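Trainee: Could you take a close look at the salt bridges here and walk me through them?

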Amino acid sequence: MRQIVVGTRGSALALAQTRQIVARLKEEWPEIEFRIQTITTRGDKVQGALKGDKGFFTKEIEEALLANRIDIAVHSLKDLPTENPEGLDIASIPRRVDARDALVGRPGMKSLKDLPQGAVVGTSSTRRKALLKAFRPDLELRDLRGNVDTRLAALGRGEYDAIVLAAAGLIRMDLRNRIDEFLDVSIMLPAPGQGALALQTRADDDLVIETAYSINDADTDDRITAERAFLHAIGMGCMAPVGALATIEKGILKLEGAIAAPDGSTVIRASIEGDPEECEALGEELAEDMLQQGAKDLVK
């Protein structure tokens, strides 16, 4: 029996989403044996500020892929730099889960609008902090790091009144019931690629590429391509205060983008529509429009 080794981080969320991917691959390729291998990344080891964000949660997994220790890497797409290392490609982007951010609060604190003055909200995302400050400058924002279970435990100990994190992570861990509010994208535009996964392979491994591509979702692929083209053209990394979300309705792709000052004092938003086949060009065009509107100063 042919074997394919699937590499992933070792967190509960990473393992949960990788097991879901492997289950789908097994449905398409019952004659293949899939084995999961966990890999520790620099981002798993460092608890302090995340600086030099390129490949923080992906580099060691990509190195294992290039060294033939694994055959497919499963990444959270929002963590993946917009440029692939030489010799690697994204072979497949499966159907996206809900891209929005979610609020989880203590009893009586179940809505962002209804949080009391000065409520303590946990997040370490510069994007979430900036957009939260823009909407509710009265909130006290405190860093919150660690895996999903670690963050929920900190909330349970009363260290925060509420926390904000990706809805997709809670959904994939069967914790949808913990979500008190899906944050409206008019307030909190998600990170580019949030809610989606990437199956990365060696660029010359045709058999593995074919295997991974069997669960590719065309609409998700177009949406993610637009969002990542926008992020790349803006010239900022995946941990910057940048949001982007593409949707497709009635054959039209709509891409919304947001760039914020870290303190939330300025938020520039814009959108563009067009043919999904032009997804990459639409992302680049939106970025150029926003840079001309003043986003260039925020990038600097």
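Mentor: Sure, here are the charged pairs, one at a time. Bear in mind that this is a predicted model, where local features need pLDDT of at least 70, side-chain atom pairs count only at pLDDT 80 or more, and totals for chains, interfaces and linings use all residues. Residues are numbered from 1 along each chain as its sequence is written, and side-chain values use heavy atoms, with hydrogens and water left out.

The structure has 15 salt bridges (a side-chain nitrogen of Lys or Arg within 4 Å of a carboxyl oxygen of Asp or Glu). Take Asp161 and Arg106, whose closest N and O atoms sit 2.9 Å apart. Asp161 is in the loop between helix 5 (148-156) and strand 8 (162-166), while Arg106 is in the loop between strand 5 (101-105) and strand 6 (120-122), so this pair ties together parts 55 residues apart in sequence. Those helices (H or I, at least four residues) and strands (E, at least two) are DSSP runs, numbered from the N terminus. Asp161 is buried at 13% relative accessibility, whereas Arg106 is partly exposed at 33% (buried is under 20% relative accessible area, exposed over 50%, partly exposed in between, with a 1.4 Å probe and protein chains only).

Next, Lys129 and Asp143 pair up at 2.4 Å, N to O. Lys129 belongs to helix 4 (residues 126-135) and Asp143 to the loop between strand 7 (140-142) and helix 5, so parts 14 residues apart in sequence get tied together. Asp143 is partly exposed, at 42%.

Finally, Arg202 bridges to Asp205, with 3.2 Å between the closest N and O atoms. Arg202 is buried at 9%, and Asp205 is buried at 17%. Through shared partners, salt bridges join Asp71, Arg202 and Asp205 into one network.
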